Amino acid sequence: MTLRSGAGRDDAQGNFWQQIGGRPTFERLVRRFYEGVQTDDVLWPMYPEHDLEGAIQRLAGFLEQYWGGPTTYSDERGHPRLRMRHMPFTVTPEARDRWLHHMRTAVDELELSPLHDATLWAYLDRAAHAMVNAPGA
């Protein structure tokens with residue numbers, strides 16, 4: 001996945017990150033997503049319970065940078081290399097679908113415009129499918 005440039009890349013309408021509310025929106029999205037993940041017996045074991053806040057900040061930072069926000073994620077962590085970072089985890093189609101379920105709940109609660117919702121969801125869906133690295137059971 002290509003990481004988009006930061007906040008300097010604006011058009012007349014502003015970038016997607018600005019249009020949907022910036023950092024507060026992405027933080028709400030990710031916090032709601034992790035509320036669901038914590039109840040999921042397939043996904044929760046893959047996440048760093050001891051560093052949940054760190055995981056929240058990393059995902060929010062990645063997403064906000066991807067969508068035109070500050071470049072903090074790359075400044076602190078370098079290129080995202082999503083597939084490489086997910087290789088230590090067994091990501092099956094079931095895990096992908098559960099991830100998408102919790103993310104869909106979180107996106108729905110943002111109550112974005114239909115265009116913004118579809119744009120964000122299309123990316124999240126593609127990204128989730130790209131992370132599968134193991135066959136289903």
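Seven helices and zero strands: that is the whole secondary-structure inventory of this protein, and the model you are looking at is a predicted one. Read along the sequence, the pattern is simply α-α-α-α-α-α-α. Of the 137 residues, 45% are buried. If you take the contacts between residues at least 6 apart in sequence, 71% of them join residues at least 24 apart. As for the outside, the protein exposes about 7,400 Å², and carbon and sulfur atoms supply 54% of that area.

Let's start near the beginning of the chain, with helix α1, which covers residues 16-19 and holds Q18. Is Q18 buried, exposed or partly exposed? Its relative accessible area is 37%, so Q18 counts as partly exposed. It also gives a nice example of sequence distance against spatial distance: Q18 and E64 are 46 residues apart in sequence, yet their C-alpha atoms are 9.5 Å apart in space.

Next, have a look at helix α2, residues 23-37, and how it sits against helix α6, residues 93-110. The two pack at an angle of about 140°, with their axes 8 Å apart. Why call this pair oblique and not roughly antiparallel? The antiparallel label needs an angle over 145 degrees, and at about 140° the pair of α2 and α6 is therefore oblique. The crossing of these two helices is right-handed. On the α2 side, the residues that meet α6 are T25, R28, L29, R32, F33, G36 and V37. They face W99, H102, M103, T105, A106, V107, E109 and L110 in α6. Sorted by class, this contact has eight nonpolar, four polar and three charged residues.

Helix α6 has another partner to look at, α7. Here the packing angle is about 165° and the axes are 10 Å apart. With that angle, α6 and α7 are therefore roughly antiparallel to each other. The crossing is right-handed here too. From α6, the contact takes in R96, W99, L100, M103, R104, V107, D108 and L110. From α7 come D117, L120, W121, L124, D125, A128 and H129. By class, these residues divide into nine nonpolar, one polar and five charged. If you compare the two residue lists, W99, M103, V107 and L110 of α6 turn up in the contact with α2 and again in the contact with α7.

One residue of that second contact is worth a stop. D117 lies in helix α7, which runs over residues 114-130. Is this aspartate buried or exposed? The cut-off for buried is under 20% relative accessible area, and D117, at 17%, therefore counts as buried. Leaving aside neighbours within four places in sequence, D117 is in contact with R104, V107, D108 and L112. Of these, R104, V107 and D108 are also among the α6 residues listed for the packing against α7.

Finally, step back to the loop between α6 and α7, where you will find E111. What stands out about its phi? Most residues other than glycine have a negative phi. E111 is not a glycine, and still its phi is positive, at about 55°. In terms of accessibility, E111 has a relative accessible area of 70%, so this loop residue is exposed, whereas D117 in α7 is buried.

Note on methods:
Residues are numbered from 1 along each chain as its sequence is written. This is a predicted model: local features need pLDDT of at least 70, side-chain atom pairs count only at pLDDT 80 or more; totals for chains, interfaces and linings use all residues. Side-chain values use heavy atoms; hydrogens and water are left out. Axes are lines fitted to C-alpha atoms, for helices over the stretch in contact, and angles run from 0 to 180 degrees between N-to-C directions. Helices (H or I, at least four residues) and strands (E, at least two) are DSSP runs, numbered from the N terminus. Angles under 35 degrees count as roughly parallel, over 145 as roughly antiparallel, 65 to 115 as roughly perpendicular and the rest as oblique. A crossing is left-handed if the near helix is turned anticlockwise from the far one by less than a right angle, and right-handed if clockwise. Contact means heavy atoms within 4.5 Å. Ala, Val, Leu, Ile, Met, Phe, Trp, Tyr, Cys and Pro count as nonpolar, Asp, Glu, Lys and Arg as charged, and the others, Gly among them, as polar. Buried means under 20% relative accessible area, exposed over 50%, partly exposed in between (1.4 Å probe, protein chains only). Accessible areas come from the Shrake-Rupley method with a 1.4 Å probe; for residues, only the protein chains shown count as cover.
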